[in-house]
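Biologist: Please show me the chain and its model, so that we may discuss them in turn.

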Amino acid sequence: MMHTSSCKTIAFFLHGLDSSNLGFKARWFKKRFPDMRIHDYRGDLACRLAQLEEETKGLDSYILVGSSYGGLMAACHAKRYPERCTALILLAPALNYENYEPSPKKPAMPVTLLIGKDDTVCPPDLVLPLAEQSFSRLDLRLVPDDHLLHHSFQELDWANLLRRQP
């Protein structure tokens with residue numbers, strides 16, 4: 001039987017399509033937040049979502065941090081489990097992939113979305129309208145960076161974002 005602590009929220013990092021749990025952001029999180037759960041996801045979107053569903057089974061409160069394709073995964077998972085996923089942090093989310101469609105009912109969890117003005121993989125003009133249609137509590141941050149966000153993502157107040165409750 002799995003128990004969750006009421007004073008500590010579990011956070012998951014979901015890497016991008018061509019990345020892994022050994023990529024730059026995953027290593028950065030491992031070093032600074034050793035309790036963050038960082039798994040390696042493979043396969044198509046359905047396969048990755050099944051892996052995430054298995055990893056979150058039995059948990060009643062968690063935060064998802066998704067980068068690029070991992071951001072798409074996080075958004076799709078949050079639509080399905082809005083009562084369990086208490087916050088999302090989306091880093092250049094690939095909402096412009098896999099025919100993503102916003103949920104007719106916007107989930108109420110807080111969502112922080114960081115995207116680069118110069119992102120050519122997930123262009124803000126495609127991603128931002130979908131994000132605004134998807135989430136009711138969206139904190140949008142358009143930054144002078146590219147898709148990788150190697151500079152900007154480190155500047156977020158991660159300690160507070162990962163501690164956040166609904």
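The exchange below takes up confidence, fold, overall form and three single residues.

Modeller: This is a predicted model, in which local features need pLDDT of at least 70 and side-chain atom pairs count only at pLDDT 80 or more, whereas totals for chains, interfaces and linings use all residues. Residues are numbered from 1 along each chain as its sequence is written, and side-chain values use heavy atoms, with hydrogens and water left out.

Biologist: What is the mean pLDDT of the protein chain?

Modeller: pLDDT is the predictor's confidence in each residue, from 0 to 100. It stays under 50 over residues 1–7. In the protein chain, 93% of residues reach 70 or more, and the mean pLDDT is 91.

Biologist: Which pattern of helices and strands does the protein chain follow along the sequence?

Modeller: Helices (H or I, at least four residues) and strands (E, at least two) are DSSP runs, numbered from the N terminus. The protein chain has 5 helices and 6 strands. Read along the sequence, their pattern is β-α-β-α-β-α-β-β-α-β-α.

Biologist: What radius of gyration does the protein chain have?

Modeller: The radius is taken over C-alpha atoms, and the globule rule is 2.2 Å times the number of residues to the power 0.38. For 166 residues, a compact globule would have a value near 15 Å; the protein chain agrees with this, at 14 Å.

Biologist: Is tyrosine 69 buried or exposed?

Modeller: Tyrosine 69 lies in helix α3, residues 69–80. Contact means heavy atoms within 4.5 Å; beyond four places in sequence, tyrosine 69 touches eight residues' worth of neighbours listed as His15, Gly16, Leu17, Asp44, Leu45, Arg48, Ala94 and Glu98. Buried means under 20% relative accessible area, exposed over 50%, and partly exposed in between (1.4 Å probe, protein chains only). With a relative accessibility of 3%, tyrosine 69 counts as buried.

Biologist: How far apart are the C-alpha atoms of tyrosine 69 and alanine 94?

Modeller: Alanine 94 is among the residues that tyrosine 69 touches. The two are 25 residues apart along the chain, and their C-alpha atoms are separated by 5.1 Å.

Biologist: Where is alanine 92, and what is its phi?

Modeller: Alanine 92 is placed in the loop between β4 (85–91) and β5 (110–116). Its relative accessible area is 1%, so alanine 92 is buried. Although alanine 92 is not a glycine, its phi is positive, at about 45 degrees.

Biologist: What is the relative accessible area of leucine 149?

Modeller: Leucine 149 lies in the loop between β6 (137–143) and α5 (158–161). Phi of leucine 149 is positive, near 50 degrees, in a residue other than glycine. Leucine 149 is buried, and its relative accessible area is 0%.
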